[in-house]
Amino acid sequence: RDDGLNGEIYYSLIVGTSSNFSIDPYTGIVSTTQFLIGAVGQLVLTIEARDRQKGKEQMSSTGLLTVTVVDANRFSPQITVSFSHAVAADIGSVFEDAGVGTMVLIVTVVDGDKGMNGITTLTVSSGNEDGTFRVKDNGMGQFALEVAGLLDREKVAQYTLQLLASDIGQPMKTATHIVTIQLLDVDDTTPQFEKSLYRVNVDESVLIGSQVAQVKAIDGDIGINANLLYSIESGNSPKWFD
């Protein structure tokens, strides 16, 4: 180790080394000069150290500093939904007799980060407590929401589900999206009379066309599936009633 100026060391970055960094010529502290966004990976800096002696050729040497820039988890996932049968924005439908595995919608999740920070998962965070639906990972940020259980419009007419997309970065970032799934009716309910047996008394001299009774049945379906027609199947011979 030299004394005086000969022992003082001056630090510098060799020309051509990354412009993202600077070095304090007296302390050797390397600092960033700008944001490192987009510079993910390894950057190799060539550093020169030389003494400050006067009158003679300065002595110097070089060393390498490898800086590994890791991707910051800067972006939250973004969710896009596409229904198999769309009704309106974020509202879709499926027939109540749809079998297990029937696809209801496709969810595309995009994350602007790279590497592990850009890997995403999707779950149904609320509205699916009975496990009626399931999420299938199709890869490349695409997920399918499928029927996983028995649907019954007469019991539950529609589902409001909250989709939760998460990345696996640190810290984790998430996004949510609300969708509504309406169940379309199929004719799966048998009409039921309000009474199992009707009894009426009729005078034998009643005029033709006189009302003698009124029966009523109900059907749990909706729309045209709930429209009822009445007829007399037996016990009306000769045809005294219509």
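These points concern one sheet in a predicted model, starting from the hairpin at one of its edges.

1. The sheet is open and holds five strands, in the order β7-β8-β14-β13-β10. Its pairing is mixed. In general, strands of a sheet pair through backbone hydrogen bonds, and the pairing may be parallel or antiparallel.

2. β7 and β10 (120-126) lie at the edges of the sheet. Each of these two has a single partner strand, so one side of β7 and one side of β10 lack a neighbour in the sheet.

3. β7 covers residues 86-88 and β8 covers residues 91-95. The two strands are antiparallel and are paired over two bridges. Ala86 stands opposite Gly92 of β8, and Ala88 has Ile91 of β8 as its bridge partner.

4. β7 and β8 make up a hairpin, with two residues between the strands. Asp90 is in the turn and has a positive phi of about 65 degrees. Anyone checking the backbone in this turn can look at Asp90 for that positive phi.

5. On the way into the sheet, β8 is joined to β14 (residues 174-184) by five bridges. These two strands run parallel, whereas β7 and β8 pair in the antiparallel sense. Val94 has Leu183 in β14 as its bridge partner.

Notes: Residues numbered from 1 in each chain as written. Predicted model: local features only at pLDDT ≥ 70, side-chain atom pairs only at ≥ 80, totals over all residues. Heavy atoms only, no water. Pairing = 2+ DSSP bridges. Helix = DSSP H or I, 4+ residues; strand = E, 2+ residues; numbered from the N terminus.
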